[in-house]
Amino acid sequence: MTTNIKPKTIFTGDNLPIMRGINSESIDLIYLDPPFNSKTNYAAPIGSKAAGAEFKDTWTLSDVDNAWLDLIETKHPALNRVIHAAMTNSDKSYLIYMAVRLLEMKRILKDTGSIYLHCDPTMSHYLKLIMDAVFGKGSFRNEIVWYYKGNSIAKKLFPSKHDTLLYYVSQNPTFNPIYVPYAEATLRRYNHTDEDGRRYKISALRDGKQEKVYMGDGKMVDSVWDIPVIRKKNERTGYPTQKPLALLDRIIKASSNKGDVVFDPFCGCATTLVAADRLQRDWIGIDISGKAAELVVERIKADQGLFQEIIARTDIPKRTDLGNIPRYNAPANKTRLYGEQSGYCNGCGTHFEKQHLEVDHIIAENVGGTDHIENLQLLCSHCNRIKGERGQEYLISRLNKN
Ligand SMILES: C[S@@+](CC[C@H](N)C(=O)[O-])C[C@H]1O[C@@H](n2cnc3c(N)ncnc32)[C@H](O)[C@@H]1O
């Protein structure tokens with residue numbers, strides 16, 4: 001399936017409704033670096049390129065939309081169990097927020113696709129279970145440790161100097177092994193050179209024989225990545241939590257090919273998008289902060305020249321992969337839903353004759369809800385009026401108050 005989003009598009013807005021408007025199985029690689037549940041609110045320093053950028057990373061149940069809970073409870077029992085294993089309401093809220101977004105990422109990822117979830121030890125243990133529940137345990141490939149060294153003021157514990165990348169794949173993932181130069185000690189062991197200039201060593205004596213063992217292309221990168229935090233002034237934007245280009249460069253080279261679509265739903269100051277652009281991949285980014293769109297344009301133009309066509313959007317895209325689905329209120333939809341709900345209104349739970357029920361969007365159209373039957377329900381006209389253009393969660397909270 002091809003994507004319905006033009007390459008080099010940056011969206012400003014909440015990524016959930018925007019992802020709901022992206023075609024299924026249309027993305028090759030997803031890297032996400034969401035808030036970590038660090039109980040901190042971030043802001044870029046005044047005077048930096050990113051000044052004005054800020055995001056909150058504190059979570060309470062009031063951040064949770066009832067419709068998300070409803071979706072998880074009714075359709076994703078494994079996810080529901082993981083969320084209920086969390087120890088605090090703050091952790092639960094964070095996991096619910098992440099789970100509904102990861103469900104969309106699973107839907108839009110191609111069957112050759114890969115996903116890297118960047119987190120840290122605050123929530124990595126829960127997020128791994130969430131990833132298992134969404135993508136399947138068999139889709140897990142690596143827990144990558146990004147080791148970034150550095151000084152620390154910690155006195156009563158080991159200084160914490162790594163983040164975690166949870167790497168999962170679809171059925172037939174792209175994977176290009178990455179090699180780095182051998183260590184000096186290894187090079188010293190390959191101490192012969194043949195007539196073509198290729199280095200080799202002589203093997204140990206076995207059955208009275210020795211043979212030439214040629215040196216490979218380098219050492220294959222393993223699951224511990226020693227990549228320094230950003231030191232170069234021209235790379236640093238001041239954006240809180242900015243990640244190094246070298247980290248994204250490695251992920252993109254390993255799990256995509258030229259022309260593939262790389263997607264970052266929490267793109268911050270556009271590190272993924274800049275790295276993808278340099279490697280001739282197409283890219284799509286989303287960030288809730290308008291500063292991200294400004295920075296992506298600035299960084300990519302500075303990097304690649306003024307002629308880059310970058311599309312900045314704030315609307316919710318329309319999926320083009322649903323085929324000719326009937327209008328939401330078509331009689332066939334109504335008949336099917338009437339059977340599925342056994343004639344009961346999905347709001348107040350009262351039984352009605354079919355003609356007294358109306359077809360309604362569970363996720364409103366204005367936040368990315370589709371006319372697909374999965375997103376439809378029957379409500380009595382009273383509940384439908386209360387709900388209006390708002391979501392199902394609004395209706396339920398209003399009914400609970402009465
Ligand atoms: C950890 S930062 C990402 C940093 C990024 N990797 C970089 O190198 O700059 C997380 C980002 O997620 C964004 N964000 C938080 N909630 C969001 C949401 N619901 N939809 C889209 N972006 C969101 C924040 O504005 C912030 O820029």
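These exercises work through a predicted model, each with a stepwise solution.

**Exercise 1. Helix α4**

Task: Check whether the end-to-end distance of helix α4 (residues 89-108) agrees with its expected span, then decide how enclosed the helix is.

Solution:
- Step 1. Helix α4 has 20 residues.
- Step 2. The expected span is 1.5 Å times one less than the number of residues. For α4 this gives 28 Å.
- Step 3. The end C-alpha atoms of α4 are 29 Å apart, which agrees with the expected span.
- Step 4. Turn to burial. A residue is buried if 20 or more other C-beta atoms lie within 10 Å of its own.
- Step 5. In α4, 14 of the 20 residues are buried, so the helix is largely enclosed by the rest of the structure.

**Exercise 2. Strand β7 and its partners**

Task: Find which strands pair with β7 (residues 162-169), and in which sense.

Solution:
- Step 1. Strand β5 (residues 109-119) runs antiparallel to β7, joined to β7 by six bridges.
- Step 2. On that side, H118 stands opposite L165 of β7.
- Step 3. Strand β6 (residues 140-147) also pairs with β7 in the antiparallel sense, over seven bridges.
- Step 4. Here I144 stands opposite L165. L165 therefore faces H118 in one pairing and I144 in the other.
- Step 5. Seven of the eight residues of β7 are buried, so this strand is largely enclosed by the rest of the structure.

**Exercise 3. Strand β1**

Task: Describe the pairings of β1 (residues 9-12) with β16 and β15.

Solution:
- Step 1. β1 and β16 (residues 311-313) pair in the parallel sense over three bridges. T9 stands opposite I311 in β16.
- Step 2. β1 and β15 (residues 282-287) also run parallel, joined by four bridges. T12 stands opposite D287 in β15.

**Exercise 4. Domains 1 and 3**

Task: Locate the domains and characterise the contact between domain 1 and domain 3.

Solution:
- Step 1. The domain assignment gives domain 1 (9-178 + 221-313), domain 2 (180-218) and domain 3 (331-394).
- Step 2. The C-alpha centres of domain 1 and domain 3 lie 34 Å apart.
- Step 3. Eight residues from domain 1 and seven residues from domain 3 form the contact.
- Step 4. On the domain 1 side, α1 (15-20) and α2 (66-75) each supply at least two residues.
- Step 5. That side divides into three nonpolar, two polar and three charged residues.

**Exercise 5. The ligand shell**

Task: State which residues come nearest to the ligand and how the shell divides by type.

Solution:
- Step 1. There are 19 residues around the ligand.
- Step 2. Of these, D33, F55, F266, G268 and T271 come nearest.
- Step 3. The shell holds nine nonpolar, six polar and four charged residues.

Terms used: Residues are numbered from 1 along each chain as its sequence is written. This is a predicted model: local features need pLDDT of at least 70, side-chain atom pairs count only at pLDDT 80 or more; totals for chains, interfaces and linings use all residues. A residue is buried if 20 or more other C-beta atoms lie within 10 Å of its own, exposed if 12 or fewer, and partly exposed in between; C-beta atoms are placed from the backbone. A residue is near a molecule or strand if its C-beta atom, placed from the backbone, lies within 6 Å of it. Ala, Val, Leu, Ile, Met, Phe, Trp, Tyr, Cys and Pro count as nonpolar, Asp, Glu, Lys and Arg as charged, and the others, Gly among them, as polar. Domain bounds come from an automatic or database domain assignment. Two residues are in contact if their C-beta atoms, placed from the backbone, lie within 7 Å. Two strands pair if DSSP finds at least two bridges between them.
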